[in-house]
Amino acid sequence: MKTRGKILVTGATGNIGRHVVSGLRTAGADVRALVRTPSAARMPEGVEVVGGDLSAPEKLDHALEGVDTLFLLWPLVTADGAPALIQAASRHARRIVYVSAAVSDEAGSEDNGVWGRIEREIAASGLEWTFLRVGGLAANTLGWADQIRLDGTVRWTYGAAGRSLVHERDVADVAVLALTEDGHVGAKYVLTGPEVLTQAEQVRLIGEALGRPVRWEEVPREVTRDGFLAQIGDPAFAEAALDAWGGMVENPEPVSTAVEEVTGHPARTFREWAADHAHDFRPLPTAEAAGHSRSASR
């Protein structure tokens, strides 16, 4: 593996970012982790931690100083601020690996919402780039955790929607290679899991990982929309997500082989993901449960 200069990892404490950080350190890379609260970050030995917030990109020059490559996971539901960040990155870095979203074969980046806009900004920046076009993340089903803890029932919409959810560790594995090896510049990798499962089937597999039944209960679209909107605060994004899920009832997400082609190992199954995360669906300790806010899945 050919490691590069300093790599700045955004979202370094998140589902994908933490695996990117650990994978880069295993590869011997020089890693700088961008976090909102450095004092609370738990990073592997040898990782440089810097404070910063992607919602204030004009203040990130200090984090980008001396950086060769940027791993970008944009956390907001709009692209506001992303052009300023990409401009700042182009003043310091040579290369960017961006976690984008999958888009249909018939559509281009202009039809891919916030992710497409950021892709276009990156492509025009002069930076070398690699796009990781991720389908549904298996980790988004953690939004059902509160309901599963409550009574083992997920009340949601479009249980028949077929999804090829990808394990965050597979996204991270591809990212580490794209960040440290030659041969990935200009690539647009579509990353999915190895199979299509309906949302109701995902719930059943979470129950199997827990060793107890977990069932799906179909509810009206407006009920799901209200819960999802309470989480993200963006009506247009919530409606677009619901439209996408509804479309997957008749047209399930496709399955890509990119994970195996890039990494050499098969993509992890949702069953494996559920086993890895079974503890996240079990009852919380009393003190933690008291302050835990209800969440929703994308």
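User: How many salt bridges does a search of the whole structure find?

Analyst: The search of this predicted model finds 22 salt bridges. One pair is K6 with D30, whose closest N and O atoms are 3.2 Å apart. That distance falls within the 4 Å cut-off of the rule.

User: Which parts of the chain does the pair of K6 and D30 link?

Analyst: The pair links distant parts of the chain, for the two residues are 24 residues apart. K6 belongs to the segment before β1 (7-9), whereas D30 lies in the loop between α1 (17-26) and β2 (31-35).

User: What domains does the assignment give for the protein chain?

Analyst: Domain 1 covers 6-134, and domain 2 is made up of 136-167 + 191-253 + 268-280. Their centres, taken over C-alpha atoms, are separated by 26 Å. Each domain brings residues to the contact: 9 residues from domain 1 and 9 residues from domain 2.

User: How should one read the area that domain 1 and domain 2 bury between them?

Analyst: The size of an interface is often expressed as the accessible area lost when the parts come together. Here the two domains bury about 710 Å², with 74% of that area on carbon and sulfur atoms. On the side of domain 1, the residues that lose the most area to domain 2 are N15, V77 and V134, which together account for 60% of what that side buries.

User: What polar contacts and salt bridges are found across the interface of domain 1 and domain 2?

Analyst: The rule finds 0 salt bridges across this interface. The count of residue pairs in polar contact, with both residues at pLDDT 80 or more, is 1. Strand β6 (residues 128-134) supplies 3 residues, the largest share of the side of domain 1 that touches domain 2. By class, that side has 5 nonpolar, 2 polar and 2 charged residues.

User: Where is the pLDDT below 50?

Analyst: Where pLDDT is low, the predicted coordinates should not be read in detail. The protein chain averages a pLDDT of 91, and 92% of the residues score at least 70. Over residues 293-298, however, the pLDDT is below 50. Beyond near neighbours in sequence, this stretch has 27 contacts in the model.

How values were computed:
Residues numbered from 1 in each chain as written. Predicted model: local features only at pLDDT ≥ 70, side-chain atom pairs only at ≥ 80, totals over all residues. Heavy atoms only, no water. Domains from an automatic or database assignment. Contact = heavy atoms within 4.5 Å. Buried area = accessible area lost by both parts, 1.4 Å probe. Salt bridge = Lys/Arg side-chain N within 4 Å of Asp/Glu carboxyl O. Polar contact = N/O pair within 3.5 Å; in protein donor to acceptor, adjacent residues only side chain to side chain. Helix = DSSP H or I, 4+ residues; strand = E, 2+ residues; numbered from the N terminus. Nonpolar A, V, L, I, M, F, W, Y, C, P; charged D, E, K, R; others polar. pLDDT = per-residue confidence, 0-100.
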